[in-house]
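Below are some notes on the model you sent, set out as numbered points. They start from one residue and then widen to the chain.

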Amino acid sequence: MESALLHRLRADLAAAEYQVTSVTALLGVAADAARLRGVFVPAQRALAEREHTPLALLVRLFLLGEAVTPVALDMALPELGAAGAQELGLIEEATDPDPARTHFRAALSLNPVTIVDSREAAPQQWWVLSDLDDQLRRGPARPDHVMGVGGATRSLIAQAPVGDVALALDLGTGCGIVALHLTLRGGRVIATDISERALMLAAANAVLNGVEHSIEFRKGSLFAPVSSERFDLILSNPPFVITPRRGDGPVYEYRDGGMVGDALAAAVVEHGPAQLVPGGTMLCLANWETPWGGNGLGRVTDWINASAAGPLTAWVIERDRLTPVQYAETWARDGGARPGSAEFDDLLGAWLDDFAMRRIVSVGLGAIRIRREPEEAAHTSTTTQPGTLTHTIVHVEQATGALSTDALGRELEAAFTAGAIAARMSDEEVLATRWVVSNSVSEERIHEPGQESPSALTLVTDRPIARRVAADPLLAAAVGASDGELTLGQIADALATLLEVDPSAASEAVIAGARELAWLGMLAPHA
């Protein structure tokens with residue numbers, strides 16, 4: 001797409017205040033929420049009562065899929081004009097009952113979006129070009145369909161580390177929204193994809209948002225286009241969907257990795273750490289299979305341990321686990337097929353046949369965070385116990401609680417760091433450390449009527465992930481006393497005397513508790 005035309009479009013969008021908040025104010029909260037669900041009538045009724053402003057026209061064209069006249073389009077986009085919009089491929093002629101009149105419809109989606117990024121105080125606002133959203137598209141998606149900003153990508157950005165980086169990679173950039181956010185972390189950004197169309201639209205979005213000089217786009221599969229570079233940060237929402245490799249069903253580049261099962265996710269996780277500088281981090285979303293008699297999270301652990309870039313520290317969070325039927329239904333719907341149709345039944349059957357042939361019993365969905373530990377730290381470690389910096393540490397868990405809505409990336413990184421420190425400490429070092437309980441932690445006690453002591457104790461937090469941890473009186477008291485003044489060993493000794501328990505047993509219990517609670521963001525070493 002021609003940069004000069006995109007700069008004109010940018011000026012027109014800014015002048016029309018084509019932003020999420022303005023659209024919501026124009027349509028009303030209820031009508032705008034319905035629009036986002038693909039229900040347009042409330043928004044159409046709201047616009048019927050509004051003035052024909054440039055913003056209203058852009059909403060009709062790009063968000064509601066209505067046809068507009070060239071005159072109206074020239075009014076809404078005075079710098080670009082209808083001719084420029086057509087040259088960019090934003091619009092196409094629409095069939096009109098009156099052959100004497102010309103109308104245009106949107107040929108691409110052009111959405112204003114806001115996305116929460118833990119690095120920024122306020123949500124970031126962008127304009128994003130992509131192929132037409134499902135509710136606007138008339139017909140099936142093209143194989144090289146470039147989707148807009150989905151929930152998974154928003155989650156990836158929200159979870160991302162927040163520090164400055166010299167060089168960052170967006171692996172599988174799609175429409176380019178992750179690359180746009182990586183520019184907020186300073187330094188250079190490289191964005192890759194196998195799709196020419198994705199790279200074209202991603203580059204256009206970089207120009208449209210004024211960051212084209214910060215991003216370099218490269219075509220190629222996985223890490224081939226960047227084999228000689230090493231990155232401080234890698235973010236990836238790759239085409240990880242497990243898709244049958246048999247049959248004649250549609251294959252979409254944005255979601256299908258072209259490999260059997262979860263092999264693409266395995267390749268990203270196994271080879272990605274080698275592309276990091278020492279101290280660098282990779283965060284990716286992935287799906288992983290559990291075969292009959294196997295363990296999906298264990299398989300992810302094997303992928304990480306197979307990396308030649310160790311020592312590594314990794315945190316694998318499984319946010320959901322689906323049966324083969326649930327998984328197949330989700331992605332059959334994503335392609336536009338509807339339950340009850342022959343197309344849907346054929347797609348569902350192909351997925352289930354594939355899972356049955358490979359004896360897959362469930363699919364996990366989640367995020368994988370890996371840090372490549374500095375080599376010099378590994379060589380100078382004074383500890384010789386298992387779990388030192390000469391070893392790879394992998395912490396896996398299922399965590400389905402709600403995510404905090406602000407500062408998520410910052411808090412996840414803090415929990416990752418605390419958990420990694422605790423995992424690599426010897427038992428003696430854990431006891432010698434002064435720990436601090438997070439101010440997000442509270443304690444729930446359940447008392448039976450008439451009982452002096454609680455029948456149950458639960459430690460509760462809502463940050464970074466909502467958690468509930470059953471605790472005994474010893475651990476609850478140790479956490480309550482962890483204000484950074486005393487070491488954990490001093491706390492354990494005092495509690496052993498107070499509760500009349502064996503000191504060594506008390507120490508063993510609080511060591512295990514500290515290691516677990518550090519990964520949950522509940523405890524951290526005193527700074």
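1. Apart from neighbours within four places in sequence, S482 is in contact with W435, V436, V437, I491 and L523. The model is a predicted one, and these contacts should be read as contacts in that model. S482 itself sits in the loop between α18 (473-480) and α19 (488-499). Although placed in a loop, S482 counts as buried because its relative accessibility is 2%, and buried means under 20%.

2. L5 belongs to helix α1 (residues 3-15). Its relative accessible area is 6%, so L5 is buried, given the cut-off of under 20%. Beyond the neighbours within four places in sequence, L5 is in contact with L80, G84, E87 and L88. As for distance, the C-alpha atoms of L5 and T400 are separated by 45 Å, the two residues being 395 residues apart along the chain.

3. Which residues have the most contacts inside the largest nonpolar core? They are L73 and L90, in a core of 88 residues. Helix α5 (residues 54-63) gives this core its largest share, 8 residues. Setting aside neighbours within four places in sequence, the contacts of L73 are L57, L61, V68, A82, A85, I91 and F104.

4. There is also a second core, separate from the largest one, with 30 residues. Among them are L459, L474, A476 and L488.

5. On secondary structure, the chain has 20 helices and 17 strands. Its radius of gyration is 26 Å, close to the 24 Å that the globule rule gives for 527 residues, so the chain is as compact as a globular protein of that length. Taken along the principal axes, the box filled by the C-alpha atoms is roughly 95 × 50 × 50 Å.

6. How much of the chain counts as buried? The figure is 51% of the 527 residues. The exposed area is about 23000 Å², of which carbon and sulfur atoms supply 53%.

7. Contacts over long sequence separations deserve a separate point. Taking contacts between residues at least 6 apart in sequence, 70% join residues at least 24 apart.

8. Last, the charges. The chain carries 41 positive and 67 negative charges. The mean positions of these two sets are 4 Å apart.

How values were computed. Residues numbered from 1 in each chain as written. Predicted model: local features only at pLDDT ≥ 70, side-chain atom pairs only at ≥ 80, totals over all residues. Heavy atoms only, no water. Helix = DSSP H or I, 4+ residues; strand = E, 2+ residues; numbered from the N terminus. Rg over C-alpha atoms; globule rule 2.2 N^0.38 Å. Buried < 20%, exposed > 50% of the residue type's maximum accessible area, 1.4 Å probe, protein only. Contact = heavy atoms within 4.5 Å. Areas by Shrake-Rupley, 256 points an atom, 1.4 Å probe, with all protein chains shown as cover. Lys, Arg positive; Asp, Glu negative; His and termini not counted. Charge placed at Lys NZ, Arg CZ, Asp CG, Glu CD. Core = buried A, V, L, I, M, F, W, Y, C linked by side-chain atoms within 4.5 Å.
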